[in-house]
Amino acid sequence: MPRITKEDLNNLIQDPSGKNRAETADKISREFSAESLSDSERVLAEDIFRLMVRDAEVRVRKALAKNLKQTPLVPHDVAATLARDVDDVALPILKFSEVLNDDDLVDIIGDNADSVEKQRAIASRPHVSEIVSATLVDIGHEDVMVDLISNDGAQISERSLQKVVDEFGENERIQKPMIERNHLPITIAERLVTLVSDRMRSELIARGHIPEGIVNAVMTQSQESATIGLLGDGAEERDVELLVEHLHTNNRLTSGLILRALCMGDVAFFEAALARRAGVSLINTRILIHDSGPFGLEAIYNKAEMPAHFFPGVRAAVEVARETDLDGGERDRERYSRRMIERVLTQYGDLGVEFDSDDVDYLMGRMLQLPSERNLPQQ
């Protein structure tokens, strides 16, 4: 590659046309990016850049931006000036330059709230921090959200994702890249289940955001049954507590949901839900639920303000949970759940207790979904 010469500088002085300035800008910035300059030449080049970023000709500034967009050696003030230029100049710098910091990007977003193209360039950077993502989300242009959510290099906080779902949850342009992200908080996945189409719901499951074991529940049951299924087998205790807190905050931690979770064998969710509703620590709640005496379960149940007519079924279900462990064999979850549901229905029948028709329908529906006991592998 030819080096910068005194002749180049003389030509620039003798022929200061826009064409010559653009050619000089292109040459100097290409050599600068190739790191082929000596220390003294690099200092000279930086001084020339500081003049050229204020050149009246867009093509001059555009030549600089094109060649300097990915070099880490460009002075910060030069990169920052180019990034605030017209779109033809700014976009390459905004999309690629690592010299720009979060403060630069946040300021540029704020100063260009109506510039969708500048925001799209920032949203598409190889790495986008949570604070930059949050700033883009707060403005909330749809095209920018598509680029941001589609960018695996973008760190997006749960709060920001919640805001995106609030504003664009029913928009398939947003749903698709959100489902395709490598990791989704379980609270976001729970909300998407009820918003997306059957096709996208299947993709949500296929990508592992929802365990395969609850495919039928997600595809055929109500929002509550799908919510329970989000946790899947072997969920981490922290995930269970996060989901419970999310549901409680959004007024969806209903008594019906809690009973349904228990009847599906999700004792961990039942424990965490009662603890949250009762305002009692999880460890103390577990002690009360599994107390072998007659009063512990009833005390925490009442403290959680659960309906009295549910209690006989809950007691029966807890007894099944206490007596029956998952055996690790094929379809052990189905066997466990069937046993749980049968005991609950039997308990209500024996006591002559009136049971909410919707919940009976749900329990019977679950029974029909499960393989018959004779068709299940015996352990």
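**Exercise 1. A salt-bridge network and the total count**

Task: In this predicted model, identify which residues are linked with Arg50 in a network of salt bridges, and state how many salt bridges the count comes to.

Solution: The network of salt bridges links Asp47, Arg50 and Asp77. For the chain, the count by the distance rule comes to 14 salt bridges, the rule being a side-chain nitrogen of Lys or Arg within 4 Å of a carboxyl oxygen of Asp or Glu.

**Exercise 2. Salt bridges inside one helix**

Task: For arginine 42 and aspartate 39, whose side chains meet in a salt bridge, work out where the two residues lie, and decide whether aspartate 39 is buried or exposed.

Solution: Begin with the distance, which is 3.0 Å from N to O for arginine 42 and aspartate 39. Next comes the placement: both residues belong to helix H3 (residues 39-52), where they are 3 residues apart, about one turn of the helix. An α-helix has 3.6 residues a turn, so residues three or four places apart point the same way. Last comes accessibility: aspartate 39 has a relative accessibility of 55% and therefore counts as exposed, whereas arginine 42, with a relative accessible area of 27%, is partly exposed.

Task: Repeat the analysis for lysine 163 and glutamate 167, asking which helix holds them both.

Solution: The closest N and O atoms of lysine 163 and glutamate 167 are 3.1 Å apart, and the pair forms a salt bridge. Helix H11 (residues 158-168) holds both residues, which are 4 residues apart, about one turn of the helix. Lysine 163 counts as partly exposed at 23% relative accessibility, and glutamate 167 counts as partly exposed at 43%.

**Exercise 3. A salt bridge between two helices**

Task: Explain why the salt bridge of glutamate 142 and arginine 173 ties together parts that are apart in sequence.

Solution: In the salt bridge between glutamate 142 and arginine 173, the closest N and O atoms are 2.8 Å apart. Because glutamate 142 lies in helix H10 (residues 142-150) and arginine 173 in helix H12 (residues 172-179), the pair ties together parts that are 31 residues apart in sequence. As for accessibility, glutamate 142 counts as partly exposed at 31%, and arginine 173 counts as partly exposed at 40%.

**Exercise 4. Helix H13 and its partner H11**

Task: Determine how many residues of helix H13 are buried, and at what angle the axes of H11 and H13 cross.

Solution: In helix H13 (residues 186-193), 8 of the 8 residues are buried, so the helix is largely enclosed by the rest of the structure. Among these buried residues are Ile186, Ile188, Leu192 and Val193, and they also include Glu190 and Arg191. The axes of H11 and H13 come within 10 Å and cross at roughly 10 degrees. Since angles under 35 degrees count as roughly parallel, H11 and H13 are therefore roughly parallel to each other. On the H11 side the contact is made by Glu158, Leu161, Gln162, Val165 and Asp166, and on the H13 side by Thr187, Ile188 and Arg191.

**Exercise 5. Nonpolar cores and buried residues**

Task: State how many residues the largest nonpolar core has, and which residues methionine 178 touches beyond four places in sequence.

Solution: The largest nonpolar core has 57 residues, and those with the most contacts inside it are Leu94, Leu136, Met145, Leu148 and Met178. Leaving out residues up to four places away in sequence, methionine 178 touches Ile149, Leu161, Val164, Val165, Leu184, Ile188 and Leu192. A second, separate core of 36 residues includes Val314, Ala317, Ala321 and Met340.

Task: Decide whether leucine 274 counts as buried or exposed, and do likewise for threonine 135.

Solution: Leucine 274, found in helix H19 (residues 267-278), counts as buried at 0% relative accessibility. Not counting residues up to four places away in sequence, leucine 274 touches Thr285, Ile289, Ile300, Ala304 and Met306; leucine 274 and methionine 306 are 32 residues apart in sequence and 8.6 Å apart in space, C-alpha to C-alpha. Threonine 135 lies in helix H9 (residues 130-139) and is buried, with a relative accessible area of 17%. Leaving aside neighbours within four places in sequence, threonine 135 is in contact with Val106 and Ile109.

**Exercise 6. Confidence**

Task: Find the mean pLDDT of the protein chain, and say where pLDDT is below 50.

Solution: The mean pLDDT of the protein chain is 78, with 74% of its residues at 70 or more. Over residues 211-222 the pLDDT is below 50, and this stretch has 26 contacts in the model beyond near neighbours in sequence. The pLDDT also stays under 50 over residues 351-362, for which the model has 18 contacts beyond four places in sequence.

How values were computed
Residues numbered from 1 in each chain as written. Predicted model: local features only at pLDDT ≥ 70, side-chain atom pairs only at ≥ 80, totals over all residues. Heavy atoms only, no water. pLDDT = per-residue confidence, 0-100. Contact = heavy atoms within 4.5 Å. Buried < 20%, exposed > 50% of the residue type's maximum accessible area, 1.4 Å probe, protein only. Core = buried A, V, L, I, M, F, W, Y, C linked by side-chain atoms within 4.5 Å. Axes fitted to C-alpha atoms, helices over the stretch in contact; angles between N-to-C directions. Parallel < 35°, antiparallel > 145°, perpendicular 65-115°, else oblique.
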